[in-house]
Amino acid sequence: MTERAWRKTRLADALARDDLRQRARQALAAGPLCDACLGRLFAKVDTGLANTDRGRLVREAVAASPSAQACPSAEASLSAPACHVCHNLFDTLDPWAVRAEAALGSLESETFAVASHADPRIVRREQALWDDVGGDLAEPYKQHFNRSLGTRLWQATGREPDLARPEVIVLVDHRTGGVTLRIEPLFLAGRYRKLVRGLPQCRWKAWPTSIQDIVGEPVRRAADGDDTRFHGCGREDTDVRCLGQRPFILEVRRPKRRRLDWAALAAEINATGQVEVDGLAPSARADVARLKGLQPDKSYRAVVELAEDVDDAALGRLADLVGVVRQRTPMRVLKRRPNRLRRRRVRNLEWKRLGPRLVELTVRAQAGTYIKELVSSDGGRTRPSVAEVLGTPAKCVELDVTAIHVAE
Ligand SMILES: [Zn+2]
């Protein structure tokens, strides 16, 4: 026996039960019902049949039963008066599909989903029918409609239905007949290096450009999107270079194209000489939270200017900075961030003399360590600090992130 024949048998068995046959008879007596709305009343009896096929079988079973003369016959239904539940909405699936296909147009997407703004009048009439005859085996009309339209669009466009992570949601409004699209963002992961100073990571009023725009604009243009959002695995200050590769995810809003030439885009970005990207690859929304959750150690190169000459023996004491440092929120960011005390671990620190009052430090520290303040002490808000250990004012005059220790 084929699967379909078995389903039919199962439905027939169920309809052999008096209560279900009675339910069908009652539903048909309540007013004209299309096959879709009739079949949907018995959706949970089996799951392998389409509602319209099931509706036809139910109608036939009722017509063939002994008290058939009391009910509309299968033949009578062929003249098809308007269904009193859906007002023949399910007869209009093809025109809906044509409109939805037109809305999708040349938009590039591999996957899609259908969502409906239900017509509250249909919901009310369906609920009334359930109240009358029992709705425990029924499927809500909206769900049926979404699936049916989805199947048609799948066949017509080759796009795969994906309810969990669709690239585009086809939104249909049963009250107005309108079809609109909600295009999910395009997510692009990669790693960047920032080769120049004076460049903020994200768009910022006072600055002419940003990493967000240098990386994001070529991608946005290629994807024909509306705008971008930039998610970095932490960020360096505007005046700090990032010579190690920092992971990021770029989000392009409302992209019309998704199959992009990543190598060409990387080449275009890298030609700016300001930012270099590597490892561009498609990503997903869930990866943004994962990226934000990473707390990698960073390595830095800091050039430190001292107020007084310091001898090598004094510089040797810088080794004392390895360990835990206590940092109050720096004065320079107090306006934006709450004043709190944090403990961060300096893993490693080496020094090299560049001049009588100039030292280069190589530091590896836990994520979130304020390096400029580790040097200056920020008026005693960071302890210990280079200034405190050397006993002379110290200032970080040049800072580079040299490595971001992801996945070690
Ligand atoms: Zn109907």
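Two residues are in contact here if their C-beta atoms, placed from the backbone, lie within 7 Å. By that rule, Ile 214, Val 215, Pro 218, Val 219 and Ala 222 of helix H9 meet Leu 265, Glu 268 and Ile 269 of helix H10. The model is predicted. The chain is divided into domain 1 (3-78), domain 2 (89-183), domain 3 (186-293) and domain 4 (297-405).

**Helices H9 and H10**

- H9 covers residues 211-223 and H10 covers residues 262-270; the two pack at an angle of about 140°, and their axes are 9 Å apart.
- That angle makes H9 oblique to H10, because the oblique class takes what is left after angles under 35 degrees, over 145 and from 65 to 115.
- The H9 and H10 helices cross in a right-handed sense.
- By class, seven nonpolar residues, one charged residue and no polar residues make up the contact of H9 with H10.

**Helices H2 and H4**

- H2 (residues 18-29) packs with H4 (residues 51-64) at an angle of about 100°, with 10 Å between their axes.
- H2 is therefore roughly perpendicular to H4.
- On the H2 side the contact uses Arg 21, Ala 24, Arg 25 and Leu 28, and on the H4 side Val 58, Ala 61 and Val 62.
- Five of these residues are nonpolar and two are charged, with no polar residues in the contact of H2 with H4.

**Helices H2 and H7**

- H2 also packs with H7 (residues 120-133), at an angle of about 135° and with the axes 10 Å apart.
- H2 and H7 are therefore oblique to each other.
- The crossing of H2 and H7 is right-handed.
- Arg 23, Gln 26 and Ala 27 of H2 make this contact with Leu 129, Asp 132 and Val 133 of H7.
- The contact of H2 with H7 holds three nonpolar residues, one polar residue and two charged residues.

**Glu 398 and distances across the chain**

- Glu 398 lies in strand E14, which spans residues 394-405.
- Glu 398 counts as partly exposed because it has 15 C-beta neighbours inside 10 Å, whereas a buried residue would need 20 or more and an exposed one 12 or fewer.
- Glu 398 and Gly 105 are 293 residues apart along the chain, and their C-alpha atoms are separated by 52 Å.
- The centres of domain 2 and domain 4, taken over C-alpha atoms, are separated by 60 Å.

How values were computed: Residues are numbered from 1 along each chain as its sequence is written. This is a predicted model: local features need pLDDT of at least 70, side-chain atom pairs count only at pLDDT 80 or more; totals for chains, interfaces and linings use all residues. Axes are lines fitted to C-alpha atoms, for helices over the stretch in contact, and angles run from 0 to 180 degrees between N-to-C directions. Helices (H or I, at least four residues) and strands (E, at least two) are DSSP runs, numbered from the N terminus. A crossing is left-handed if the near helix is turned anticlockwise from the far one by less than a right angle, and right-handed if clockwise. Ala, Val, Leu, Ile, Met, Phe, Trp, Tyr, Cys and Pro count as nonpolar, Asp, Glu, Lys and Arg as charged, and the others, Gly among them, as polar. Domain bounds come from an automatic or database domain assignment.
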